[in-house]
Each structure stands twice: as structure tokens, then as C-alpha cells.
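Colleague: Before I take your word for any of the labels on this one, I'd like to hear the reasoning behind them. Can you put it up so we can go through it?

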Amino acid sequence: MINCNKIILLVGLIGSGKTSVGKRLAKRFNMPFIDSDQEIEKASGLSVIDVFKCFGVDEYRAGEARIMKRLLSGTPCVLASGGGAFVAKQTRELAKKNAITVWLKADIDILYDRTNGRNRRPFLQCCDSKIKHKLQSYIDEEYPYYNEADIIVETKNEVVENTVDRVVHSIEEFLASRS
């Protein structure tokens, strides 16, 4: 295992596996795991859904950008970003300087299977029949930004450990190519 002394930033859409992969990846690299959504909740004292309801999407995104700036300027960790956090230019620029970015890329069917029926996801607060359409619009809007990540790993319907193995291997190859 190569020692990683940088932040590992996981990016991807809702349901791509950032949290489940991130927790296991942090253990593999013996690094702390941080979920940016949980950091937003700590800073605001509200759930992510309540932040949306009380302040709206623009204020949520502004707060998310502040949290990401703080986290991306911090010590090495595995950082799971909110689904749209990497869209912000400031976040992408900080990530390019201070992190290894890993896009967990999932197709729409995997995203749908992982998100359908879960009511803790504020960007998917709609009836089930519209979720696939909403996911497709996020794919169309956000995948061009995610494509700027250092590493792209396709997530599949597989046990999480297999995805983690592929992410670890990709990070090791990336770091070896830089040394």
C-alpha cells in the first residue's frame, strides 16, 4: 500500500457510493473519513433537508462551498462530497491543488436502485415516478464537471469491497505515476 499524504476527494452523484466506499477507503489508507453533508449539518445545526427547506438551494450551495473550502484546505482525509459540490469552480480549483479526486461514476439504473424510496436525499424530494428523470438531468448537468476528476472508477452492482479494491488500485497507480 502506497502512503497517501493528500486528501482523497470522492465525487459523484447521489447514490454513487461516496459514503460507503469512503468509509472503507479511509480504513484502508488509515485516514479519517469526513462526509461533507454531515459537516453541513454540524455547522448549521439542521439536517440537510431542513437547510433546504429553511434557506433554499442557493444558500445551501453557498454553505456547501464554504465547508468544502475549509475541508479541502485541511489535513489528509477521505472526503465524501455532496453530489453537486464539485460543480462549484472554487471547489474544483481547490481540489486540483490539494486533493486526489476520484469520480465514482454510476449509470442511471444503479443510481435509481440506490436512491429510490430514500427520503433523506433533498435533491430527490419528488414522487418516485420522477426520480429517474431528475437523475438524468443531474447526469446531463454534472457529469461534465466530474469528468475533470483525476481518477474515474465505474461503480457497479457489486459488493462495496470490490469497488473499494478498484479505487485503491487506481489511487496507487495514480500516485506511482506522479513519483
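**Helices against helices**

Modeller: Let's start with a pair: helix 2 passes helix 3 in a right-handed crossing. Keep in mind that this is a predicted model.

Colleague: Which residues of helix 2 and helix 3 make the contact?

Modeller: From helix 2 you have S36, D37, E39, I40, E41, A43 and S44, and from helix 3 V48, V51, Y60, E64, I67, M68, R70 and L71. Sorted by class, that contact comes to eight nonpolar, two polar and five charged residues.

Colleague: Why are helix 2 and helix 3 called roughly perpendicular?

Modeller: The axes of helix 2 (residues 36-44) and helix 3 (residues 48-72) cross at roughly 110° and come within 9 Å. The label covers 65 to 115 degrees, so helix 2 and helix 3 count as roughly perpendicular to each other.

Colleague: And what makes helix 3 and helix 4 roughly parallel?

Modeller: Here the axes cross at roughly 10° and come within 10 Å, with helix 4 spanning residues 89-98. Angles under 35 degrees count as roughly parallel, therefore helix 3 and helix 4 get that label. Helix 3 brings A65, M68, K69 and L72 to the contact, and helix 4 brings Q90, T91, L94, A95 and N98. The split there is five nonpolar, three polar and one charged.

**The chain as a whole**

Colleague: How many helices and strands does the chain have?

Modeller: Seven helices and five strands. Along the sequence they run β-α-β-α-α-β-α-β-α-α-β-α.

Colleague: What makes the chain as compact as a globular protein of that length?

Modeller: Its radius of gyration is 16 Å, and the globule rule gives 16 Å for 179 residues, so the chain is as compact as a globular protein of that length. Along the principal axes, the C-alpha atoms fill a box of roughly 45 × 35 × 25 Å. Buried residues account for 46% of the 179 residues. As for contacts between residues at least 6 apart in sequence, 73% join residues at least 24 apart.

**Buried or exposed**

Colleague: How do you know whether S170 is buried or exposed?

Modeller: S170 has 18% relative accessibility, and the cut-off for buried is under 20%, so S170 counts as buried. You'll find S170 in helix 7 (residues 160-178). Leaving out residues up to four places away in sequence, S170 touches I151 and V153. The C-alpha atoms of S170 and V153 are 7.8 Å apart, with the two positions 17 residues apart in sequence.

Colleague: Why is T155 called buried?

Modeller: The relative accessible area of T155 is 4%. Set that against the under 20% limit, and T155 is buried. T155 sits in the loop between strand 5 (151-154) and helix 7. Not counting residues up to four places away in sequence, T155 touches S16, L104, K105, A106, I110, R114, T163 and R166.

Colleague: What makes N30 exposed?

Modeller: A relative accessible area of 72%. Exposed means over 50%, so N30 is exposed. N30 lies in the loop between helix 1 (18-29) and strand 2 (33-35).

Colleague: What is the phi of N30?

Modeller: About 55°, a positive value, although N30 is not a glycine.

Key: Residues numbered from 1 in each chain as written. Predicted model: local features only at pLDDT ≥ 70, side-chain atom pairs only at ≥ 80, totals over all residues. Heavy atoms only, no water. Axes fitted to C-alpha atoms, helices over the stretch in contact; angles between N-to-C directions. Helix = DSSP H or I, 4+ residues; strand = E, 2+ residues; numbered from the N terminus. Parallel < 35°, antiparallel > 145°, perpendicular 65-115°, else oblique. Left-handed = near helix turned anticlockwise from the far one by under 90°. Contact = heavy atoms within 4.5 Å. Nonpolar A, V, L, I, M, F, W, Y, C, P; charged D, E, K, R; others polar. Rg over C-alpha atoms; globule rule 2.2 N^0.38 Å. Buried < 20%, exposed > 50% of the residue type's maximum accessible area, 1.4 Å probe, protein only.
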